[in-house]
Amino acid sequence: MLGATGTIGRATVRALINEGYEVVCFVRSQTGLGKPQIMDTLRCLEGAELRFGDVTDPTSFEKNGLQGEAFDALVTCLASRTGAPEDAWAIDYRANSSALKAALAAGIEQVVLLSAICVQKPLLAFQKAKLAFEAELIASGLTYSIVRPTAFFKSLSGQVDRVRQGKPYIIFDDGRLTACKPISDGDLARYIVRCLYDETLWNRVLPIGGPGPAINPREQGEALCRMLGRRPVFRQVPTWFLSSIASGLRPLSVVSPRLAVKAELARIGYYYATQSMLVLDPVSRTYAAELTPETGTETLFEFYRQLVEGISTVERGDHAVF
């Protein structure tokens with residue numbers, strides 16, 4: 001398995017082990033990591049065999065990961081940390097592509113890929129990189145399942161502390177512009193595992209959300225405020241603000257790689273502020289909740305309750321907006 005140390009990857013490892021699979025995880029080399037980080041990795045992936053290497057080295061997965069052994073399937077949850085162009089093409093495309101070539105050479109017959117629902121409208125570098133690998137996987141001749149989840153719980157949970165401190169909940173425009181069917185780590189992981197044995201999910205691109213209905217950011221903020229015993233108060237940020245930042249940085253990005261990354265991150269922010277994470281109707285070209293499949297039982301609002309009560313915590317990553 002690739003991408004096992006990410007939040008979805010860790011959940012998928014647990015789900016695989018719970019289903020009785022023997023799991024080998026190819027993870028980043030221990031070189032340069034401190035002992036606490038190494039121990040954390042071992043704890044998170046307990047029950048799986050860890051093999052270390054570099055996914056950006058085209059030969060490392062074959063040499064250090066596969067080691068000439070026979071495997072039934074490759075599950076990849078690889079994803080770039082920032083979505084910046086260089087990172088996206090290195091991880092979302094080239095690392096996955098190298099692993100696919102190694103899998104073909106090793107006789108692996110099945111691949112399950114974690115992608116993203118936002119590739120339906122590819123305006124960003126990481127979306128184009130993901131689509132490039134999706135096309136390569138489809139053309140490989142292997143049995144494949146391409147899983148395109150909607151929004152993750154962690155990406156919608158960054159404002160719990162803000163609201164707890166009495167600060168307003170931030171929304172873009174009026175908070176009703178976008179919607180999603182959020183999916184939990186556990187429900188998504190179990191769906192990924194199901195792709196290994198459920199033939200109805202083979203050789204398909206699979207958009208998937210959690211249990212509905214679709215909810216917009218204003219509804220998310222209202223629910224969180226109520227759980228914390230506060231009157232819903234919002235701070236509205238106009239979407240043109242993000243767009244203007246991206247536009248202002250674009251000319252400067254030509255001469256500065258650092259500003260090029262900032263410009264792309266601003267474009268990513270604008271994208272998520274204006275595009276729903278639902279299936280895009282191919283006829284009307286509008287997002288449709290009724291066309292977005294659902295799985296699992298865990299809801300975002302139940303996760304909010306667990307955060308408020310201290311039962312769960314959320315790991316914030318490089319894509320954090322708030």
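## Close-ups of a predicted model

**View 1. Asn96 touches Thr76, Leu78, Ile91, Leu113 and Phe133, once residues up to four places away in sequence are set aside.** Like everything shown in these views, this spot comes from a predicted model. Asn96 sits in helix H4, which spans residues 85-106. Is Asn96 buried or exposed? Its relative accessibility is 3%, and anything under 20% is called buried, so Asn96 counts as buried. What does the side chain of Asn96 reach? The partner is the backbone oxygen of Asp92, at 3.2 Å. Keep both Asn96 and Asp92 in mind for the next view, since they are among the residues that line the largest cavity.

**View 2. The largest cavity has Asn96 in its lining.** Rolling a probe the size of a water molecule over the atoms shows where empty space is left. How many cavities of 30 Å³ or more turn up in a search of the whole structure? The search finds one. The volume of the largest cavity is about 40 Å³. Around it you'll find Leu78, Asp92, Asn96, Leu113, Leu114, Ser115, Lys130, Phe133 and Glu134. Three of the residues just named, Leu78, Leu113 and Phe133, are also touched by Asn96. By class, this lining splits into four nonpolar, two polar and three charged residues. H4, E4 and helix H5 (125-138) each chip in at least two lining residues, and H5 gives the most, with three.

**View 3. The largest nonpolar core takes in 29 residues.** Which members touch the most other members? They are Cys25, Val147, Leu188 and Ile192. Several elements give two or more residues to this core: helix H1 (7-18), strand E1 (24-28), strand E4 (110-114), helix H7 (185-197) and strand E7 (204-208). H7 supplies the largest share, seven residues. Apart from this core lies another one, with 28 residues, including Leu124, Cys180, Leu224 and Ile268.

**View 4. Zooming in on Leu188, we get its contacts beyond its sequence neighbours.** With neighbours within four places in sequence left aside, Leu188 is in contact with Ile8, Leu114, Val147, Pro149, Phe152, Ile183 and Ile208. Val147 is on that contact list, and Val147 and Leu188 are both among the core members that touch the most others. Leu114 is on the list as well, and Leu114 also turns up in the lining of the largest cavity.

**View 5. Arg194 is another residue of helix H7.** Arg194 has a relative accessible area of 30%, so it's partly exposed. What joins the side chains of Arg194 and Asp198? A polar contact of 2.8 Å does. Leaving out residues up to four places away in sequence, Arg194 touches Thr200 and Leu201. Val112 is 82 residues away from Arg194 in sequence, yet the two are 9.9 Å apart in space, C-alpha to C-alpha.

**View 6. The second largest pocket holds about 650 Å³ of space.** Its lining runs to 30 residues, and Ala11, Arg14, Asp185, Gly186 and Glu298 lie nearest the centre. Which element gives the most to this lining? That would be H7, with nine residues. H1, H7 and helix H11 (300-308) each supply at least two lining residues. The class count comes to nine nonpolar, 10 polar and 11 charged residues.

**View 7. Three spots have backbone angles worth a look: Gly212 and Pro213, Gln67 and Arg285.** Most residues other than glycine have a negative phi, and most peptide bonds are trans. Gly212 and Pro213, though, are joined by a cis peptide bond, with omega at about 5°. Pro213 belongs to the loop between E7 and helix H8 (217-227).

Gln67 isn't a glycine, but its phi is positive, near 55°. You'll find Gln67 in the loop between helix H3 (60-66) and strand E3 (73-76). Its relative accessible area is 42%, so Gln67 is partly exposed.

Arg285 isn't a glycine either, and its phi is positive at about 60°. The loop that holds Arg285 runs between strand E9 (279-280) and strand E10 (287-288). Is Arg285 buried, partly exposed or exposed? At 48% relative accessibility, it counts as partly exposed, because exposed means over 50%.

Key:
Residues numbered from 1 in each chain as written. Predicted model: local features only at pLDDT ≥ 70, side-chain atom pairs only at ≥ 80, totals over all residues. Heavy atoms only, no water. Core = buried A, V, L, I, M, F, W, Y, C linked by side-chain atoms within 4.5 Å. Buried < 20%, exposed > 50% of the residue type's maximum accessible area, 1.4 Å probe, protein only. Helix = DSSP H or I, 4+ residues; strand = E, 2+ residues; numbered from the N terminus. Contact = heavy atoms within 4.5 Å. Polar contact = N/O pair within 3.5 Å; in protein donor to acceptor, adjacent residues only side chain to side chain. 1 Å grid on protein atoms, 1.4 Å probe; cavity = no way out; pocket = protein on both sides within 12 Å on 5 of 7 lines; lining within 4 Å. Points joined across faces, edges and corners; volume = space filled by probe spheres on them. Nonpolar A, V, L, I, M, F, W, Y, C, P; charged D, E, K, R; others polar.
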